[in-house]
Amino acid sequence: MRTTTAGQTELWASLMRGQALLADAVSDRLEAEAGIPLAWYEVLAALAEAPEGALRMQDLGQSMWLSKSGLTRLCDRIEEAGYLSRQSCPTDRRGTFAVITDVGHAKVRDARPVFARASEDLFLQHLSARERDVLRSAMNKIIGANGPQLRAQEPAVEQPRAMRKHTK
């Protein structure tokens with residue numbers, strides 16, 4: 001049986017604490033300056049970058065690491081605000097697309113500079129170019145090693161604890 005060292009516990013705690021603090025702070029800025037929380041921004045940005053501004057709900061959920069029900073509730077609120085619509089898939093009756101609206105495009109355009117400034121102020125400015133490269137490489141390595149097996153499973157928790165307040 002493996003035991004966890006103090007260094008491993010500290011590394012894990014630092015990663016979780018840092019992610020939670022950054023997500024809260026970026027979401028607070030987005031809400032104050034652009035009127036949307038971080039989770040909404042992430043959905044709208046993904047849709048804005050997708051071909052024709054549309055993604056299958058299943059693909060959107062996987063890219064955001066949300067359960068089907070968690071994504072449905074999140075998209076319900078974004079749709080109520082008029083930033084996205086849902087359309088049936090013409091080739092698969094079971095499939096649904098999330099489609100960004102013109103109002104959603106405008107909202108994500110307004111929010112992008114807020115997100116960029118918050119990312120720079122709260123995160124990037126504290127890391128050298130070398131540290132950014134090392135962090136990116138390390139995270140991609142971890143995702144590459146674990147992503148396929150973890151994505152195959154439905155998330156046990158609808159949403160990470162650190163992100164729960166950001167799906168309002």
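The following questions and answers concern the sheet, a helix pair and the nonpolar core of a predicted model.

Visitor: In what order do the three strands of the open sheet stand?

Guide: E1 pairs with E3 in the antiparallel sense over three bridges. E2 and E3 also run antiparallel, joined by five bridges. The order of the open sheet is therefore E1-E3-E2, with E1 (54–56) and E2 (84–88) at the edges.

Visitor: Why is one side of E1 and of E2 left without a neighbour in the sheet?

Guide: Strands of a sheet pair through backbone hydrogen bonds, either parallel or antiparallel. E1 and E2 stand at the edges of this sheet, so one side of each lacks a neighbour, because each has a single partner strand.

Visitor: Which residue of E3 stands opposite arginine 56 and is also the bridge partner of glutamine 87?

Guide: Arginine 56 faces a residue of E3. Glutamine 87 has its bridge partner in E3 as well. In both cases the residue is phenylalanine 97.

Visitor: By how many degrees are neighbouring strands of this sheet turned against each other on average?

Guide: The sheet has three strands with antiparallel pairing. With direction ignored, the average turn between neighbouring strands is 30 degrees.

Visitor: At what angle does helix H2 run to E3?

Guide: H2 covers residues 38–49 and lies across E1, E2 and E3. Relative to E3 (residues 96–100), the angle of H2 is about 95 degrees.

Visitor: What is the handedness of the crossing of H2 and H5?

Guide: H2 and H5 (residues 102–122) pack with their axes 9 Å apart, at an angle of about 115 degrees. The crossing is left-handed.

Visitor: How many nonpolar residues does the contact of H2 with H5 have?

Guide: On the H2 side, the contact includes Leu38, Tyr41 and Leu44. H5 contributes residues including Val108, Ala111 and Phe115. By class, two residues of the contact are polar and three are charged, while the nonpolar ones number eight.

Visitor: Which element gives the largest share of the largest nonpolar core?

Guide: In soluble globular proteins, nonpolar side chains tend to be buried together. The largest core here has 29 residues. Elements giving two or more residues to this core are H1 (6–34), H2, H3 (57–64), H4 (68–80), E3 and H5. The largest share is eight residues, and the element is H2.

Visitor: Beyond its neighbours within four places in sequence, which residues is valine 43 in contact with?

Guide: Val43 is among the residues with the most contacts inside the largest nonpolar core, together with Leu30, Leu60, Leu74 and Ile78. With sequence neighbours within four places left aside, the contacts of valine 43 are Leu60, Met64, Leu74, Ile78 and Leu84.

Terms used:
Residues numbered from 1 in each chain as written. Predicted model: local features only at pLDDT ≥ 70, side-chain atom pairs only at ≥ 80, totals over all residues. Heavy atoms only, no water. Pairing = 2+ DSSP bridges. Helix = DSSP H or I, 4+ residues; strand = E, 2+ residues; numbered from the N terminus. Axes fitted to C-alpha atoms, helices over the stretch in contact; angles between N-to-C directions. Contact = heavy atoms within 4.5 Å. Left-handed = near helix turned anticlockwise from the far one by under 90°. Nonpolar A, V, L, I, M, F, W, Y, C, P; charged D, E, K, R; others polar. Core = buried A, V, L, I, M, F, W, Y, C linked by side-chain atoms within 4.5 Å. Buried < 20%, exposed > 50% of the residue type's maximum accessible area, 1.4 Å probe, protein only.
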